[in-house]
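Trainee: I have a model open at the bench. Could we walk through the ligand site and one helix pair?

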Amino acid sequence: MKQQIIKIENLKFCYTREADQVLVEAIKNVNLEVEKGSFVAVIGKNGSGKSTLAKNINALLLPSSGTVYVKGFDTKNDDHLWDIRQAAGMVFQNPDNQLVSSIVEDDVAFGPENLGIAPEEIRQRVDSALKAVNMYEHRKKAPHLLSGGQKQRIAIAGVIAMMPDCIIFDEPTAMLDPKGRAGVMAIINKLHNEGITVILITHFMEEAADADRVIIMDKGEIILDGAPVEIFSEIGKIRELGLDVPVAVDLADKLRKRGITIPKEIIRTEEMVEYLCQYK
Ligand code: ADP
Ligand code: MG
């Protein structure tokens, strides 16, 4: 039987706007199950509720109504707060806001220290987490001397060191240059291949095409949910929502309009190159 690591039932979340105390309904009604080991991409316009949903999964925010379960633990139950934070780690957009220590390896140790892990085991976890993100050789450095992509990989190492079942990435590549972005995406794909459940919020459609499931949010609701190939075949609908499609999908669309047959399974640039090269 498939195991659901995250289960969300009728989630509603409202913020109280500070200026005028007006309630902002950021999540209207979300029902979602995430299968253990899957790679789910979440896309949607700014303000559609993606970050609010992520923070509800990690118990940084608690539902206004409805229930969020992580590994079976209800996030509203205080007794399991650390089980939830350990099971579902989070990586945010700005690496500078996530690094707390002046030495890389201390930073990575911060999470496991908070979990009360024994020092020898922390040492091991820190080393192996730094190796996993290709940053071991930088372990003695000061984080502020690193590039944005390297800092983001340190933040990811800090989460890996807590040995989570699931990692929620909230636009982790948004502030990075192309090289930094590629480095972070390589790590995310590797973690998924190693069995970690990945939830990736992104506005890069190329990144979403790597997932095995794509969810589209709009105005606090999930409005589309399916395999990337299915979701990206709805080009008109996606554009109406103010979103892009992957470059290969756009190209396929233009070629089809000129009478060239391109299978709908082609959603990645490399796949398009392979397909077109057969006519060489
Ligand atoms: P996304 O991550 O998709 O851009 P968010 O979850 O950040 O969307 O925001 C969803 C809605 O909640 C938006 O209307 C946003 O303005 C509002 N919102 C987000 N954070 C706050 C906050 N701290 N106080 C009030 N409203 C907020
Ligand atoms: Mg956001």
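Mentor: Start with the residue classes. Ala, Val, Leu, Ile, Met, Phe, Trp, Tyr, Cys and Pro count as nonpolar, Asp, Glu, Lys and Arg as charged, and the others, Gly among them, as polar. Keep in mind that this is a predicted model.

Trainee: How do the residues of the shell around ligand 1 divide by class?

Mentor: List the shell before sorting: Y15, A26, K45, N46, G47, S48, G49, K50, S51 and T52. Y15 and A26 fall in the nonpolar class, K45 and K50 in the charged class. The split is 2 nonpolar, 6 polar and 2 charged.

Trainee: Which helix gives the largest share of the shell around ligand 1?

Mentor: Look at residues 50-57, a helical run. That helix supplies 3 residues of the shell, the largest share. The name is α1.

Trainee: What share of the exposed area of ligand 1 does the protein bury?

Mentor: Take the polar contacts before the area. A backbone N or O atom of G47 sits 2.7 Å from a ligand 1 oxygen, and a polar side-chain atom of K50 is also 2.7 Å from an oxygen of ligand 1. For the T52 side chain, an N or O atom lies 2.5 Å from a ligand oxygen. Alone, ligand 1 exposes 560 Å², and the protein buries 62%.

Trainee: How are α10 and α11 set to each other?

Mentor: The axes of α10 (residues 247-257) and α11 (residues 269-277) come within 8 Å and cross at roughly 40 degrees. Angles under 35 degrees would count as roughly parallel, and 65 to 115 as roughly perpendicular. The pair is therefore oblique.

Definitions and conventions
Residues numbered from 1 in each chain as written. Chains lettered and ligands numbered in written order. Predicted model: local features only at pLDDT ≥ 70, side-chain atom pairs only at ≥ 80, totals over all residues. Heavy atoms only, no water. Near = heavy atom within 4 Å. Polar contact = N/O pair within 3.5 Å; in protein donor to acceptor, adjacent residues only side chain to side chain. Areas by Shrake-Rupley, 256 points an atom, 1.4 Å probe, with all protein chains shown as cover. Helix = DSSP H or I, 4+ residues; strand = E, 2+ residues; numbered from the N terminus. Axes fitted to C-alpha atoms, helices over the stretch in contact; angles between N-to-C directions. Parallel < 35°, antiparallel > 145°, perpendicular 65-115°, else oblique.
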